[in-house]
Amino acid sequence: PIQGEAGVVVPVDGYMSEVKRLCEKYNVLLIADEVQTGLGRTGHRLAVDYDNCQPDILVLGKALSGGVLPVSAVLASNEVMLTLKPGEHGSTYGGNPLACKVATAAIEVLRDEKLAENSAVRGEQLRAGLNSLTGSTCIESVRGRGLLNAIVIDQPKMGYGDHGKAWDVCIQMKENGLLAKPTHGNIIRFAPPLTITESEIDDCLDIIEKSVKQVG
């Protein structure tokens with residue numbers, strides 16, 4: 001629903017619901033890869049919820065375990081899932097009981113502590129702060145949803161693993177106490193913990209502002 005490794009490329013409102021409509025029209029299954037975007041990251045339970053879209057197959061991971069154990073999941077209706085017959089598909093560690101218990105606990109924490117709601121509010125705070133730096137610093141634009149965000153730096157886009165000005169900003173931010181990941185030479189992604197507080201976002205914004213001004 002949102003391209004993560006490409007630099008947090010967010011589709012226009014209604015994009016996923018229109019994709020779902022086209023898939024239904026032409027009898028095509030819609031698979032949503034929510035490994036990065038799912039479980040509160042974008043300010044909703046799932047990123048597809050933003051457009052009220054229900055995919056035919058849903059893929060989850062990362063936040064599903066709360067960082068405790070490697071676990072992922074594929075969700076689908078009986079109509080889709082039961083096309084696989086006994087013996088047609090197997091997994092050595094599939095259905096690991098400890099991993100499943102951890103995943104259940106992680107989902108309960110996400111629900112009970114309202115982390116999707118916190119992601120939405122803190123994401124708005126972060127983007128507002130970042131947008132206030134556009135024009136007066138090397139930040140050209142800001143994009144994202146919830147706590148999955150990115151800034152675009154004022155230099156031409158490069159290859160996926162290439163260093164550029166974004167790398168220089170990330171190194172400066174590291175020296176100032178904040179870790180972030182650059183991509184394509186001119187994009188920096190920010191994906192802080194869903195538990196982040198208002199004051200911690202303010203601290204992040206202070207470091208980002210200091211760092212981009214130091215790089216120039």
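**View 1. The second largest pocket and the residues around it.** In this predicted model, the second largest pocket has 22 residues in its lining, and Gln36, Arg41, Lys62, Ala63 and Leu194 are the ones nearest its centre. The space inside comes to about 440 Å³. Helix 3 and strand 7 (187-190) each chip in at least two lining residues. The largest share, 4 residues, comes from helix 3. Sort the lining by class and you get 13 nonpolar, 4 polar and 5 charged residues.

**View 2. The largest pocket, with pieces from many parts of the chain.** Here you're looking at a pocket with about 720 Å³ of space. Its lining is made of 30 residues, and nearest the centre you'll find Arg45, Leu46, Gln54, Leu58 and Leu75. Which helices and strands each give at least two residues to this lining? They are helix 1 (15-25), strand 2 (57-60), strand 3 (73-76), helix 2 (78-81), helix 3 (97-112) and helix 4 (115-131). As for the kinds of residues, the lining counts 17 nonpolar, 9 charged and 4 polar ones.

**View 3. A nonpolar patch on the surface.** Zoom in on Val74, Met81, Leu82 and Leu84, which make up a nonpolar patch on the surface. Together, these four have about 360 Å² of accessible area. Take Leu84 as an example: this leucine sits in the loop between helix 2 and helix 3. Is leucine 84 buried, partly exposed or exposed? Its relative accessibility is 43%, so leucine 84 counts as partly exposed.

**View 4. A salt bridge between distant parts of the chain.** Lysine 20 and aspartate 56 join their side chains in a salt bridge, with 3.2 Å from N to O. The two partners are 36 residues apart and belong to distant parts of the chain: lysine 20 is in helix 1, while aspartate 56 is in the loop between strand 1 (31-33) and strand 2. How covered up are they? Lysine 20 has a relative accessible area of 13%, so this residue is buried. Aspartate 56, at 21% relative accessibility, counts as partly exposed. There's a third member to spot as well, since Lys20, Glu24 and Asp56 are linked in a network of salt bridges.

**View 5. Two more salt bridges.** Searching the whole structure turns up 11 salt bridges, and this view picks out a couple of others. Arginine 111 and aspartate 112 form one of them, and their closest N and O atoms are 2.8 Å apart. Both arginine 111 and aspartate 112 are exposed. Next, look at glutamate 209 and lysine 213, which form a salt bridge whose closest N and O atoms are 2.8 Å apart. How many residues separate lysine 213 and glutamate 209 in helix 6? They're 4 residues apart in that helix (residues 198-215), which means about one helical turn lies between them. Glutamate 209 has a relative accessibility of 27%, so this residue counts as partly exposed.

**View 6. Glutamate 79 and tryptophan 167.** Start at glutamate 79, which is part of helix 2. With a relative accessible area of 71%, glutamate 79 is exposed; the cut-off for that label is over 50%. Now find tryptophan 167, which is 88 residues away from glutamate 79 along the chain. The C-alpha atoms of these two residues are separated by 47 Å.

Methods. Residues numbered from 1 in each chain as written. Predicted model: local features only at pLDDT ≥ 70, side-chain atom pairs only at ≥ 80, totals over all residues. Heavy atoms only, no water. 1 Å grid on protein atoms, 1.4 Å probe; cavity = no way out; pocket = protein on both sides within 12 Å on 5 of 7 lines; lining within 4 Å. Points joined across faces, edges and corners; volume = space filled by probe spheres on them. Nonpolar A, V, L, I, M, F, W, Y, C, P; charged D, E, K, R; others polar. Patch = residues over 30% accessible without salt bridge, like charges linked within 9 Å, V, L, I, M, F, W, Y side chains within 5 Å. Areas by Shrake-Rupley, 256 points an atom, 1.4 Å probe, with all protein chains shown as cover. Buried < 20%, exposed > 50% of the residue type's maximum accessible area, 1.4 Å probe, protein only.
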